[in-house]
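Student: Hi! Could you walk me through this protein? I'd like to start with the big picture and then zoom in.

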Amino acid sequence: MSMNKSPDEDKPPNEDKPPNEDKPPDEDKQGCLQPAENILISPNFSSSCLVHGTFNRHGGVSPSPWDSNNVSFGLGDSSENVHANREQIKKALGFKHLVSAKQVHGSNVYIADDIPAGDLEVNGFDALITNVPRMGLMIQQADCQAVFLFDPEKKALGIAHVGWRGSMENIIAETVFAMNRAFSTEPADVKAAISPSLGPCCAEFVNFRSELPAALHGYQVRPDYFDFWAISRDQLCAAGIRPENIHITAICTRCDQNFFSYRRDRVTGRFASVIGIREA
Ligand SMILES: [Zn+2]
């Protein structure tokens, strides 16, 4: 699946832009990711200064069962393969550096306030925020959500790793509040997108009465199945983000074989969602 077209591409040319005959057509595309089969970009989320996308499991070098674009260390895949896959992602994004986290299903937010000397993986965080351009913030997934946040007014952004424990701890609110504290982000300005992740079709919690707080029981869509996309949407709204500024990709990673799924395969890789600011 490829959704690289910006929302304006289907409009007649120059409908809302002054003519610019001298510009190569690619320069008009929002974001700078080159079109590729393995990168999904949320429509209505693009901005000229924003680079973001979710890379599916294809296009990397790792062998089965991590085939092939596994971005996580410590799963049995070789670190050489993981480095090679991350290099390809950086090349596609146009960034020299990635900031990622050894995610722990907590709610700590890391502020990336400087471009690192090399790739940086911080320990014990599940959300990353920045207003520094020219580096990518990366979340690693196999059914959990990556929630993208972009504040076009303050040119700040964030990305959160949201599994069911993250939903319980409302890491989404923690990330929005952290952006407000660090960058004076107004939630009403923020655009948000929820990446491919476990859908209500497959989010089965047979022990939900003991595992999930009562406040989430209302999101049961049929016996034992829960809609975590709706939970995240409601948490975004409760944090002050406008409903019309929230995009849910609505791709279930357990159903769609193009993505790694822990629920489907158990031993598998992790795919990447990345966001960054293109320029100062
Ligand atoms: Zn599904």
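Tutor: Happy to! Keep in mind that this is a predicted model. For the big picture, take the contacts in the protein with a separation of 6 or more: residues 24 or more positions apart account for 62% of them.

Student: OK, and how many helices and strands are there in the protein?

Tutor: The protein has six helices and 14 strands. Of its 280 residues, 44% count as buried.

Student: How are the strands arranged? Let's take one sheet at a time.

Tutor: One open sheet has six strands in the order β1-β2-β14-β7-β3-β5, and its pairing is mixed. At the edges stand β1 (39–40) and β5 (120–123); each has a single partner strand, so one side of each is left without a neighbour in the sheet.

Student: Can you show me a pair inside that sheet? How many bridges join β2 to β14?

Tutor: Six bridges join them, and the two strands run antiparallel. In β2 that covers residues 50–55, and in β14 residues 271–277. As an example to look for, V51 stands opposite G276 in β14.

Student: Which helix lies across β1, β2, β3, β7 and β14?

Tutor: That is α1, residues 79–93, and α1 runs at about 35° to β14.

Student: How far apart are the end C-alpha atoms of α1?

Tutor: They are 21 Å apart. At 1.5 Å a residue, the 15 residues of α1 should span 21 Å, so the two values agree.

Student: Which residues of α1 are buried?

Tutor: N81, V82, N85, R86, I89, A92 and L93 are buried. Seen down the axis of α1, the buried residues fall within an arc of 130°, so they line one face of the helix. What covers them includes β1, β2, β3, β7 and β14.

Student: And what's on the other side of α1?

Tutor: There you'll find S79, E80 and K91, which are exposed. Just after α1 comes G94, with a positive phi of about 85°.

Student: Next sheet, please!

Tutor: Six strands form another open sheet, in the order β4-β6-β9-β8-β10-β13, with mixed pairing. Its edge strands are β4 and β13 (246–248), each of which pairs on one side only. From one strand to the next, the twist averages 15°. Helix α3 (residues 171–183) packs on this sheet and touches β4, β6, β8 (145–151) and β9, its direction making about 160° with that of β9. Helix α5 packs on the sheet as well, touching β8, β9, β10 (191–194) and β13, and its direction makes about 170° with that of β13.

Student: Which residues in α5 are buried?

Tutor: In α5, residues 228–238, the buried ones are F228, W229, I231, S232, R233 and L236. After α5 comes G240, whose phi is positive, near 105°.

Student: Let's zoom in on β6. Are its faces covered or not?

Tutor: Both faces of β6 (residues 127–130) are covered: A127 and I129 on one side are buried, and so are L128 and T130 on the other.

Student: Who are its partners?

Tutor: β6 pairs with β4 (residues 109–111) in the parallel sense, over three bridges, and Y110 stands opposite L128. Four bridges join β6 to β9 (residues 156–162), and those two run antiparallel. In β9, A160 is the bridge partner of A127.

Student: What is L128 in contact with, leaving aside its neighbours within four places in sequence?

Tutor: L128 is in contact with V99, A101, Y110, A112, L137, G158 and I159. Both A127 and L128 are among the residues with the most contacts inside the largest nonpolar core, which has 68 residues. Nonpolar side chains tend to be buried together in soluble globular proteins.

Student: Any odd spots in the backbone?

Tutor: A few! The peptide bond from S64 to P65 is cis, with omega near 5°, and the one from D67 to S68 is cis too, with omega near -10°. P65 is in the loop between β2 and α1, and S68 is found in the loop between β2 and α1 too.

Student: Which residue in the loop between α3 and β10 should I look at?

Tutor: Try S184. Its phi is near 60°, a positive value in a residue other than glycine. S184 counts as exposed, with 12 C-beta neighbours inside 10 Å.

Methods. Residues numbered from 1 in each chain as written. Predicted model: local features only at pLDDT ≥ 70, side-chain atom pairs only at ≥ 80, totals over all residues. Buried ≥ 20, exposed ≤ 12 C-beta atoms within 10 Å, placed from the backbone. Pairing = 2+ DSSP bridges. Core = buried A, V, L, I, M, F, W, Y, C linked by C-beta atoms within 7 Å. Contact = placed C-beta atoms within 7 Å. Axes fitted to C-alpha atoms, helices over the stretch in contact; angles between N-to-C directions. Expected span 1.5 Å × (residues − 1). Arc of directions from axis to C-beta.
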